[in-house]
Amino acid sequence: MSPNLVIALTAALAACACALVGVFLVLRRMALMADAISHAILPGLVAGYWLARGPNVVAGFFGASAAGLLTVWLTESLTRSRRVKEDTAIGLVFPALFALGVLLVSRFFSNVHLDTDAVLFGEIAFAPLETWRLGGRDVGPTALWSLGALTTLNAAFLTLFYKELKLSTFDPGLAAALGFAPAAIHYALMGMVAVTTVGGFTAVGAILVIALIIVPPVTASLLTERLPTLIALSVAVGVAGSLIGFQLASAWDVSIGGMIVSTLGVVFGVALLLAPRKGLVAQSLRHARLRRQFAREALVVHLATHEGTALEDSECRPAHLQEELLWTADMASRTVAEAQAAGLVQPVDREGHLHLTDRGREVAEDVAKR
Amino acid sequence: MNVLRDLFLDYTLRNIALGAAVLGLVSGVLGSFAVLRRQGLMGDALSHAALPGICLAYLLTGSKAPLVLMLGAAAAGWLGMVLILRIVRHTRIDPNSALGIVLTVFFGFGVVLLTVLQKRNDAGQAGLDKFLFGQAAAMTQEQVATMAVLGGAALLVVALLYKEFKLLAFDPEFARSLALPTRSLDLLLTSLLVVAVVIGLNTVGVVLMSAMLVAPGAAARQWTDSLSKMLALAGAFGAASGIAGAVLSVTAERIPTGPVIILCVTLIVIVSLLFGSARGLVWEWLRQARHRREMRAAMAAEGGTTP
């Protein structure tokens with residue numbers, strides 16, 4: 001396999017593994033737990049290495065995963081004691097564990113190669129270099145194996161516990177009442193996040209893992225409300241962002257992980273602006289339309305109130321609308337024109353006196369009934 | 001007592017201790033508001049978001065002066081903060097996700113810029129990332145002075161707008177009904193967090209900054225229900241752990257300052273959570289045990305069986 005293919009595959013697999021757990025993390029409004037866990041695993045990694053008397057991958061993996069779960073448990077216990085809010089609890093726990101890790105590394109392991117910066121940076125570009133030897137035979141890059149296993153594991157977890165995850169995410173109360181043990185599901189999910197973070201950061205770097213967990217699901221959530229579509233879209237966004245980002249990084253010769261994250265950022269920005277219903281553009285168009293509709297209704301109600309009264313002559317001129325409804329001249333003439341086009345009002349003389357049409361009277365009655 | 005003498009006489013230790021104390025004081029006070037306003041993770045996002053600003057500042061000016069890098073960090077952090085507030089206000093994306101997106105995307109872009117700088121192959125860029133990971137040991141008098149001026153200005157703003165910020169933190173609806181410009185106040189108070197983050201980046205580093213903001217306030221909250229006392233206590237806790245961390249880190253070899261500061265302030269949090277006079281957990285446990293005893297005694301007196 002060519003190095004480029006290995007990197008592309010690694011990135012795509014990482015995107016799959018991360019998006020699968022990320023969807024539920026984001027839906028539970030705990031996106032930053034991924035960031036917290038990714039830092040807090042440092043002391044666990046150190047403890048694992050210490051127990052194995054060297055940088056042993058398996059020991060490190062278990063130590064780090066345990067530290068990840070410890071982070072979740074500490075955060076939960078702190079929050080449940082009601083002495084601090086959840087965000088504060090997270091903000092207290094992971095820096096403390098990270099600080100402990102850094103201290104342990106610099107005090108006892110300065111001879112072992114365990115760079116604390118690597119916890120944040122990591123480098124996917126090295127993915128093709130490290131290969132896994134099984135029984136003396138080279139069976140391919142380690143990153144591909146570990147991320148492939150992670151993706152399979154996460155997909156299996158999701159398939160097996162889909163119903164439980166869905167229910168405990170959207171309605172924990174009901175889940176508990178039905179005997180689904182939402183707490184157990186919660187810890188299982190957090191365990192998967194921890195394992196994914198640990199497995200991912202050695203292969204592609206922590207910042208890329210966190211981005212792949214958070215950004216694709218949030219982007220997808222702007223585009224759909226259905227859970228299966230959300231999961232599929234998250235995976236698609238993650239994989240597409242990874243492949244495009246990798247291509248751009250190769251073209252410009254910059255950090256691959258950084259470029260993938262930046263690409264995901266651009267994709268999110270585009271979705272944020274242009275998403276069909278929840279996008280900012282669609283939203284402001286909708287607001288403008290509602291504002292104009294409201295203005296038309298205000299106009300017909302105003303005309304209906306004064307219809308047939310003594311004041312009709314003075315009240316129903318466009319110029320008067322500006323004083324009565326506090327409209328600018330522009331707003332008044334625009335609303336009158338729109339109401340006229342919609343067949344709600346019609347001018348009756350050269351001075352622009354307005355009368356309601358039958359349709360306009362109906363609308364005014366409808367509004368009055370609301 | 002050598003360490004105590006050095007604290008006043010040794011140039012390096014004095015700078016580290018002073019810088020850490022300034023940071024602890026400022027972030028303790030400003031972070032208290034973040035704790036109360038459920039923005040506890042804002043510091044984490046803002047400190048990561050500062051990276052591209054630091055790179056761009058160096059790319060544009062070619063200077064590594066602390067003030068230049070701090071301004072770059074502040075600009076990027078501020079932009080990230082505005083984006084977070086906007087996303088939360090205008091979409092249904094939850095705050096946690098908004099923070100996560102800004103954190104990762106800004107930081108990722110910063111990593112790209114770092115590699116661009118590395119490729120230009122000038123030696124000057126080396127150490128830019130150190131700015132982000134804290135290098136308290138290399139703190140200069142100039143840096144301490146910059147930190148003190150920036151932090152002092154932020155504290156002055158808090159003092160001037162104390163009543164408004166208090167209202168905003170506890171009852172934003174009421175503040176709005178009084179026709180206070182709540183949006184601008186919200187923006188200003190959160191912007192002050194950016195100041196604290198920028199001051200802290202260079203001392204404790206990007207990862208530990210969030211604890212520096214949250215921990216003193218969370219500890220202080222356990223001792224009092226009054227905001228003014230909480231702010232004073234949080235400032236004191238922050239400054240004390242700053243100085244303690246600086247002193248401890250020079251007493252032995254190979255002990256990095258930033259992590260020790262964070263561990264000191266975490267210790268204060270643990271003690272406060274257990275023994276805080278306002279809401280200490282130990283007092284609650286004792287109260288519960290007493291109630292249980294009284295309940296048993298009462299039931300025994302009535303002739304019932306003890307449960």
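Mentor: Helices here are DSSP runs of H or I with at least four residues, numbered from the N terminus. The model is a predicted one.

Trainee: Where in chain A is A:Ala181 placed?

Mentor: A:Ala181 is not a glycine, yet its phi is positive, at about 50°. Helix H8 (172-177) comes before this residue and helix H9 (182-204) after it. Its place is therefore the loop between H8 and H9 of chain A.

Trainee: Is A:Ala181 buried, exposed or partly exposed?

Mentor: A residue counts as buried at 20 or more other C-beta atoms within 10 Å, and as exposed at 12 or fewer. A:Ala181 has 14 such atoms within 10 Å, so its class is partly exposed.

Trainee: Which loop of chain A holds A:Arg29?

Mentor: A:Arg29 also has a positive phi without being a glycine, here about 60°. With 15 other C-beta atoms within 10 Å, A:Arg29 is partly exposed. Its loop is the one between helix H1 (3-27) and helix H2 (32-51).

Trainee: Which helix of chain B gives the most to the side that touches chain A?

Mentor: The contact involves 48 residues of chain B and 47 residues of chain A. On the chain B side, H3 (42-61), H5 (95-120), H11 (209-221) and H13 (257-275) each supply at least two residues. The one that gives the most, with 16 residues, is H5(B).

Trainee: How many residues on that side of chain B are nonpolar?

Mentor: By class, the side of chain B that touches chain A has 7 charged and 13 polar residues. The count of nonpolar residues there is 28.

Technical notes. Residues numbered from 1 in each chain as written. Chains lettered and ligands numbered in written order. Predicted model: local features only at pLDDT ≥ 70, side-chain atom pairs only at ≥ 80, totals over all residues. Contact = placed C-beta atoms within 7 Å. Nonpolar A, V, L, I, M, F, W, Y, C, P; charged D, E, K, R; others polar.
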